[in-house]
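This report describes selected helices, strands and loops of a single model, together with the contacts that connect them. The structure is shown below for reference.

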Amino acid sequence: MMTVPATGTSCVVRPCLPEDLDAIDAVYNHYVRTSHATFDLQEPTPQWRREWFHAHPGGRHRALVAIDGERLAGFASSSRHRPKAAYETSVETSVYVAPECVGRGVGRALYRTLLESLHGQDVHRALAGIALPNGASVDLHESLGFRRIGVFTEQGRKFGRYWDVAWYERRID
């Protein structure tokens, strides 16, 4: 567990616990309904979220939450990038912040803690896909050492239009 000062708040960043899953869904489902930041078109089921939780046991595949007082302010994860064994040392990272906590440093605190926790975990690269436009996410990733490696055009269709996805990477080891 780590207390991380964020702008206007002091969050506790810690590993995700089963009792966090409903609050994680509340944050994530906001983005499913209102944003192209996720390409999910339907809110995940509780069963899906439990499977997601078990796929992040620690090590290279982990989930962290930021707690601000009594509420979950956001979450971040490092997930399997692709199923083939040669990809094991690459992880795909993501971060979602509760809408009322955006702009207060919660995402940065989560991501910084996540990236630090990956050192020594046999992770070579952290990858992130950002649906464009998303200036805040681009700025966050670049400020934490990610660099743009390419843009896949019209990769997802949501809200009646196609969205490009910029891919970023950061060396971990």
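## Packing of helices H3 and H4

Gly107, Arg108 and Tyr111 of helix H3 are in contact with Leu140, His141 and Ser143 of helix H4. As in the rest of this report, the coordinates come from a predicted model. H3 comprises residues 106–118, and H4 comprises residues 135–143.

The axes of the two helices lie 11 Å apart, and the packing angle is about 40°. H3 and H4 are therefore oblique to each other, since angles under 35 degrees would count as roughly parallel and those from 65 to 115 as roughly perpendicular. The crossing of H3 past H4 is right-handed.

## The β-α-β unit

H3 also belongs to a right-handed β-α-β unit, in which it is combined with strands S6 and S7. S6 spans residues 90–97 and S7 spans residues 125–131. These two strands pair in the parallel sense, with three bridges between them. Within this pairing, Ser90 is placed opposite Arg125 of S7.

How many residues of S6 are buried? Six of its eight residues are, so the strand is largely enclosed by the rest of the structure.

## Antiparallel pairing of S5 with its neighbours

Strand S5, residues 71–80, runs antiparallel to S6 and is joined to it by seven bridges. One residue pair in this arrangement is Ser77 with its bridge partner Ser94 in S6.

S5 is also joined to S4 by seven bridges, again in an antiparallel arrangement. Here the bridge partner of Arg62 is Ser78 in S5. The hairpin formed by S4 and S5 has two residues between the strands, and Gly69 in this hairpin adopts a positive phi near 70°.

## Strand S4 and its enclosure

Strand S4 covers residues 61–68; eight of its eight residues are buried, so the strand is largely enclosed by the rest of the structure. In a regular strand, side chains alternate between the two faces of the sheet. On one side of S4 the buried residues are His61, Ala63, Val65 and Ile67. On the other side they are Arg62, Leu64, Ala66 and Asp68, and both faces of the strand are thus covered.

S4 further pairs with strand S3, residues 57–58, in the antiparallel sense over two bridges. In this pairing, Gly58 faces His61 of S4. The hairpin of S3 and S4 has two residues between its strands, and Gly59 takes a positive phi near 65° there.

## Two loop residues

Ser35 lies in the loop that connects helix H1 (21–34) with helix H2 (46–54). Is this residue buried or exposed? With a relative accessible area of 15%, Ser35 is buried, because the value falls under the 20% limit for that class. When residues up to four places away in sequence are set aside, Ser35 touches Lys158 and Phe159.

Arg82 occupies the loop between S5 and S6. Its relative accessible area is 42%, so Arg82 is partly exposed. Arg82 and Val32 are 50 residues apart along the chain, and their C-alpha atoms are separated by 23 Å.

Conventions. Residues are numbered from 1 along each chain as its sequence is written. This is a predicted model: local features need pLDDT of at least 70, side-chain atom pairs count only at pLDDT 80 or more; totals for chains, interfaces and linings use all residues. Side-chain values use heavy atoms; hydrogens and water are left out. Helices (H or I, at least four residues) and strands (E, at least two) are DSSP runs, numbered from the N terminus. Buried means under 20% relative accessible area, exposed over 50%, partly exposed in between (1.4 Å probe, protein chains only). Contact means heavy atoms within 4.5 Å. Two strands pair if DSSP finds at least two bridges between them. A crossover is right-handed if, with the strands pointing away from the viewer, the path from the first strand over the helix to the second runs clockwise. Axes are lines fitted to C-alpha atoms, for helices over the stretch in contact, and angles run from 0 to 180 degrees between N-to-C directions. Angles under 35 degrees count as roughly parallel, over 145 as roughly antiparallel, 65 to 115 as roughly perpendicular and the rest as oblique. A crossing is left-handed if the near helix is turned anticlockwise from the far one by less than a right angle, and right-handed if clockwise.
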